[in-house]
Amino acid sequence: MIKQEFTITIFSENRIGILNQIVSVFTRRHINIESLTSSESAIEGIHKLTIVVFSNREEVEILARQIEKSIDVLKAYSFSHDEIVYQEIALYKVPTAKLFKGNEIEKLVRRYGARILEMTADYTIIEKTGHKGETQELFDKLDPYGVTQFTRSGRVAINKMKKEPLIDYLKNLAKNGLNTNIQ
Amino acid sequence: MKESKKQPVMMTGSQAVMESLLNEGVDLMFGYPGGAIMPVYDALYSIQDKLHHVLVRHEQGAVHAAQGYARVTGKVGVCLVTSGPGATNTVTGIADADIDSTPVVVISGQVGSSLLGSDAFQETDIVGITQPVTKWNYQITRAEEIPRAIARAFYIAKSGRPGPVLLDITKDAQFGMLEYTYEPVTSIRSYTPCPPVEPAQIEEASKLINLAKKPMALVGQGVLIAGAEKELLEFLEKTDIPAAQTLLGQSALPSDHRLSIGRLGMHGNYGPNIKTNDCDLIIALGMRFDDRVTADTKNYAIKAKIIHMDIDPAEINKIIHADAPVLGNLKDSLPMLTARVNKNDHSEWLEEFRACDRIENERLIKRELFPEKPELKVAEVVRRVSEAYNDDAIMVTDVGQHQMTAWRYFRFKRSRSVVTSGGLGTMGFGLPASIGAKLGKPDRPVCLFVGDGGFQMTIQELGTINQSKVPVKIILINNNFLGMVRQWQELFFDYRYASTELINPDFQTIARGYNIPAIKVTERKNLDKAIEKMVNSEGPFLLEVAVEKEGNVFPMVPAGASVADIRLE
Ligand SMILES: Cc1ncc(C[n+]2csc(CCOP(=O)(O)OP(=O)(O)O)c2C)c(N)n1
């Protein structure tokens, strides 16, 4: 079966070891994680992880169920790229001197919808959000001018569903008289 | 569970461990002391009359014993071990309990919290090591966390699909003071132990059942765990559906039940294997389509629709695609299904299994049970022992040829009568597991079948049997070989017996050294008398049987083949 990019979003308790538990589901099946971000979700006290893998629908569904087996995971959802809106952020460091040799860099910044984040006598930091292909393209364009550092974040993603499905999960717990607090 | 105490009492973390265990109704545990768990052992000293501790000879044995106890009682087995090597010695047992869904709580001591991560004496990251093989694990670094963590541990270990939990308690948490109150845990927001049964799924499944001409039920351990034996019988008897059992599902229905068609899997029975590719519907009940059951999945159940009923959503579509999944506890879902399905008669279809049984009987079972050669065969030993206990003993096995043969020829009347290492196939499981099984069900005879290889993996537990006076009956099947591996060498590696022949010690002398009466049988004519002696003995007993050296277990589905390619010889 052909593989494509899938984004798995995971809601969990913010506990020591949770990342280890989640990652081991991928390790066991010899699946490489393309990117991973982790931070507090919109719901207070609940952590959100976003993991990108190359896989197929059947396999990511199995992965999501395996991840949910972890006691501290509330829910895991898998999405193909057209089921979500997502962004990544990239930072580029170039010598400021290069900026003043013609206006090529400034043009690139404008054309790629990037912005200058910080400028000192020595270096300039450029920031761009976008998909990996886009941030890569800007890097390829900037590199001839001497990019001294380049870094890319993992993915943040919002699904296209009407509501965050986790809210329904929590509501359901409450409806059935179950605990909805962290323990 | 006892009423939780409402008035807080000041005590140490170690005392809180003991109080919490008592609150969970624990009256027996298995363990081995050492530096980092000494405060807890000290707290145990004053309550030994209420909480009996069995001192094992190796921590692996503690976990297997707890597993044996859990499997026959359905209760949580408990272990207590020290840090470092004590904790790492439990890993095989924990992994075994994990893959066989056995509720076990392992409590390990840990170095003081200020030393964590510093490579202190006997420090290991046991939480990290056991993470992939526990249902949940947790490190306790403060005394006040203890009651809550233990309550969570028991709730998680026994609810839903059971499994092992490890609690690692630092020494300072054991010494620290807390205000003790106990509140059992009954729900955790991030954990759904048992998804509610959806009527639509029942509807879908019942439609398939009502249409099926050649349906077959696959009974797994889930039926036993759910305690749904009665519900299973009601379902089978109304629908008249033939039922096969997995290794761990064995004893969910009595061996002589009309609808019982025998065992599934690599060394299972002829009928249920070849008929898998003939049936038009499979109803999988609390089983997980292990590769020892399915063999080649591409050529498995090729004509059948699949109904998969399980409590664990992660099992659905994991191996075999389910046309109609039914999530939930079988105790709830089976009666709902029984109410929706038509009463039926599948006697013609059942007759096809009987015909297979006759073939298996003619070509295989007869020569196994009534051999013409003078060498003793494992099957005849197993059957005689089973009969000597009126087909109503608890059977514990180790791993190998004798395991498969014991499973094939022992017979059962009651549920929860099989204790064996299924998913992990852990040699060395049998002897300690039999100790736990006997202590869990003191009123029932416990027969352990063990090979001469596996026996020597945990043979030191004879010391536990001696010290704790555990009357298990050990049937040592001695073929002077690592038999199962030798069989594969014979069949698939051209008789190249690389490191499978065993030069053994005198097991009779060893048993006597441990104060255990022993007898050795080398000839058929002495077998019955020896078994009689074992049955009539009060305490533990070792019956060693020298069997044919190069016997093979058949039927067999060769590795990589389809279930339909099962070989009878
Ligand atoms: C801990 C462990 N190591 C190795 C194996 C591989 N193995 C499976 S069966 C077997 C042979 C068992 O020999 P024995 O205990 O004498 O029993 P028999 O097969 O002869 O009945 C071996 C080595 C295993 N299952 N477990």
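What follows looks at how the domains and chains of this predicted model fit together.

Chain B comes first. The domain assignment splits chain B into three pieces: domain 1 covers 9-180, domain 2 covers 199-353 and domain 3 covers 374-546. Take domain 2 of chain B and domain 3 of chain B as a pair, and their C-alpha centres turn out to sit 31 Å apart. The contact between them draws on 18 residues from domain 2 of chain B and 19 residues from domain 3 of chain B.

How much area is buried between these two domains of chain B? The figure for domain 2 and domain 3 of chain B is about 1600 Å², with carbon and sulfur atoms giving 59% of it. On the side of domain 2 of chain B that touches domain 3 of chain B, the residues break down into seven nonpolar, eight polar and three charged. Charged residues do turn up on that side, then, yet the rule finds zero salt bridges across the interface of domain 2 and domain 3 of chain B. Polar contacts are another matter: 10 residue pairs, both partners at pLDDT 80 or more, are in polar contact across this interface.

Next, the interface between the chains. Here 19 residues of chain B are in contact with 25 residues of chain A. The area buried between chain B and chain A comes to about 1900 Å², and carbon and sulfur atoms account for 48% of that. Within chain B, the residues that lose the most area to chain A are Q131(B), R189(B) and S190(B), which together make up 42% of what the chain B side buries.

Salt bridges do show up between the chains, with three found across the interface of chain B and chain A. D312(B) pairs with K69(A) in a salt bridge whose closest N and O atoms are 2.7 Å apart. As for polar contacts between chain B and chain A, the count is six residue pairs, again with both at pLDDT 80 or more.

Chain A has its own domain layout. Its domain 1 is made of 4-83 + 157-168, while domain 2 of chain A runs over 85-152. The C-alpha centres of domain 1 of chain A and domain 2 of chain A are 31 Å apart.

That leaves the internal voids. The search turns up one cavity of 30 Å³ or more, and the volume of the largest cavity is about 40 Å³. Which residues line the largest cavity? The lining consists of R71(B), Q221(B), L224(B), L248(B), R416(B) and V418(B). By residue class, the lining of the largest cavity divides into three nonpolar, one polar and two charged.

Key. Residues numbered from 1 in each chain as written. Chains lettered and ligands numbered in written order. Predicted model: local features only at pLDDT ≥ 70, side-chain atom pairs only at ≥ 80, totals over all residues. Heavy atoms only, no water. Domains from an automatic or database assignment. Contact = heavy atoms within 4.5 Å. Buried area = accessible area lost by both parts, 1.4 Å probe. Salt bridge = Lys/Arg side-chain N within 4 Å of Asp/Glu carboxyl O. Polar contact = N/O pair within 3.5 Å; in protein donor to acceptor, adjacent residues only side chain to side chain. Nonpolar A, V, L, I, M, F, W, Y, C, P; charged D, E, K, R; others polar. 1 Å grid on protein atoms, 1.4 Å probe; cavity = no way out; pocket = protein on both sides within 12 Å on 5 of 7 lines; lining within 4 Å. Points joined across faces, edges and corners; volume = space filled by probe spheres on them.
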